[in-house]
Amino acid sequence: MADLQINGKKLQRDDETLFGEFINALNRDLATRSQVISMLKINGEAIDESRETVFAMRSLGSVGRIEITTVDQIELAFEALASAKAYIKKLTSYCRLNGENYKTGKIRDADKNFLALVDGLENLTQLIIASQTILRGKYKNIHTNDSSLRIAQVRLTSAIEELLPAKRAADHRMLADILCNELPEALQEMADYGIPVLQRLRSS
């Protein structure tokens with residue numbers, strides 16, 4: 001039998017079962033219970049989704065020791081929101097640092113970090129939207145999009161959308177203002193008023 005554990009418990013599966021088929025079946029089963037795979041290890045090494053395909057056509061018996069950890073989607077959403085608040089602190093500092101570079105004429109340094117900053121902001125917004133979607137599905141009779149969250153989302157989105165036109169126009173004064181003032185304020189509003197709207201659902 002395959003050397004397979006899920007959440008520390010041995011699972012019986014035929015050695016000849018294809019790894020890809022097993023994972024797909026497991027994901028379907030977990031979805032019915034609002035759970036997802038949070039960690040997959042093969043022979044002690046963590047494997048991300050991009051590397052799963054390498055093992056897809058191999059039998060479970062040939063893969064080696066497989067360890068899987070699952071987590072409840074709701075719990076994962078709340079953990080993601082906590083991570084988002086911590087991430088906002090880092091992004092805020094990064095925004096101001098990059099804004100100061102534009103303000104003081106360190107254009108090369110600022111431009112070098114610009115795309116990484118935009119990616120970070122995009123990751124943050126996607127994280128919040130994904131968590132909101134999961135929680136909305138669970139708390140169907142509870143409003144998950146009250147005015148505090150909507151206003152924070154609109155303000156943050158607006159500030160992010162102003163970055164690219166200013167960058168294309170090489171308007172360094174505008175970039176400095178957005179990064180030093182408007183964006184940090186929008187991020188702080190999201191942390192103080194937007195995200196807590198969703199976090200309060202935990203006690204509902």
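Here are five short exercises with worked solutions on the structure above, which is a predicted model.

## Exercise 1: Lay out the sheet

**Task.** Work out the order of the strands in the open sheet, and find which strands stand at its edges.

**Solution.**

*Step 1.* Begin with strand E3 (35-42). Seven bridges connect E3 with strand E5 (residues 66-72), and the two run antiparallel. To see one of these bridges, go to Met39, whose partner in E5 is Thr69.

*Step 2.* Look for another partner of E3. Strand E4 (residues 45-46) pairs with E3 over two bridges, again in the antiparallel sense. Here Lys41 has Ala46 of E4 as its bridge partner.

*Step 3.* Now return to E5. Strand E1 (residues 4-6) is joined to E5 by three bridges, and this pair runs parallel. Gln5 is a handy marker, as it stands opposite Glu67 in E5.

*Step 4.* Put the pieces together. The open sheet has five strands in the order E2-E1-E5-E3-E4, with mixed pairing. Strand E2 (9-10) and E4 are the edge strands; each has a single partner strand, so one side of each has no neighbour in the sheet.

## Exercise 2: Two positive phi angles

**Task.** Locate Asn43 and Ala170, and say where each lies and whether each is buried, partly exposed or exposed.

**Solution.**

*Step 1.* Recall the background: most residues other than glycine have a negative phi.

*Step 2.* Go to Asn43. This residue is in the loop between E3 and E4, a hairpin with two residues between the strands. Its phi is near 55°, a positive value in a residue other than glycine.

*Step 3.* Check the exposure of Asn43. The relative accessible area is 46%, so Asn43 is partly exposed.

*Step 4.* Repeat for Ala170. This residue sits in the loop between helix H6 (147-168) and helix H7 (172-199). Ala170 is not a glycine, yet its phi is positive, at about 55°. With a relative accessible area of 45%, Ala170 is partly exposed.

## Exercise 3: Three buried residues

**Task.** For Ile6, Ser59 and Thr125, find the secondary-structure setting and the contacts beyond four places in sequence.

**Solution.**

*Step 1.* Ile6 has its place in strand E1. Its relative accessibility is 16%; the limit for buried is under 20%, so Ile6 counts as buried. Once residues up to four places away are set aside, Ile6 touches Leu11, Phe22, Leu26, Ile68 and Thr70.

*Step 2.* Ser59 belongs to the loop between H2 and helix H3 (60-63). Although in a loop, Ser59 is buried, at 17% relative accessible area. Outside its sequence neighbours within four places, Ser59 contacts Asp15, Glu16, Thr17 and Leu18.

*Step 3.* Thr125 is part of helix H5 (residues 107-138). Thr125 is buried too, with a relative accessible area of 15%. A polar atom of its side chain lies 2.9 Å from the backbone oxygen of Glu122. With neighbours within four places left out, Thr125 is in contact with Leu156 and Ile160.

## Exercise 4: The largest pocket

**Task.** Describe the space in the largest pocket and the residues that line it.

**Solution.**

*Step 1.* Start with the volume: the largest pocket holds about 300 Å³ of space. Its lining has 14 residues, and those closest to the centre are Asn27, Ile37, Ser38, Glu49 and Glu52.

*Step 2.* Assign the lining to elements. Helix H1 (19-32), E3 and helix H2 (49-55) each supply at least two residues. E3 gives the most, with six.

*Step 3.* Sort the lining by class: eight residues are nonpolar, three polar and three charged.

## Exercise 5: The second largest pocket

**Task.** Find which element gives the most residues to the lining of the second largest pocket.

**Solution.**

*Step 1.* The volume of this pocket is about 190 Å³.

*Step 2.* Mark the lining on your view: Ile6, Asn7, Leu11, Arg13, Phe22, Ala25, Leu26, Asp29, Leu30, Arg33, Gln35 and Thr70.

*Step 3.* H1 gives the most here, with five residues. By class, the lining divides into six nonpolar, three polar and three charged residues.

*Step 4.* Link back to Exercise 3. Ile6 is one of the lining residues, and its contacts include Leu11, Phe22, Leu26 and Thr70, which also appear in the lining.

Notes. Residues numbered from 1 in each chain as written. Predicted model: local features only at pLDDT ≥ 70, side-chain atom pairs only at ≥ 80, totals over all residues. Heavy atoms only, no water. Buried < 20%, exposed > 50% of the residue type's maximum accessible area, 1.4 Å probe, protein only. Polar contact = N/O pair within 3.5 Å; in protein donor to acceptor, adjacent residues only side chain to side chain. Contact = heavy atoms within 4.5 Å. 1 Å grid on protein atoms, 1.4 Å probe; cavity = no way out; pocket = protein on both sides within 12 Å on 5 of 7 lines; lining within 4 Å. Points joined across faces, edges and corners; volume = space filled by probe spheres on them. Nonpolar A, V, L, I, M, F, W, Y, C, P; charged D, E, K, R; others polar. Pairing = 2+ DSSP bridges.
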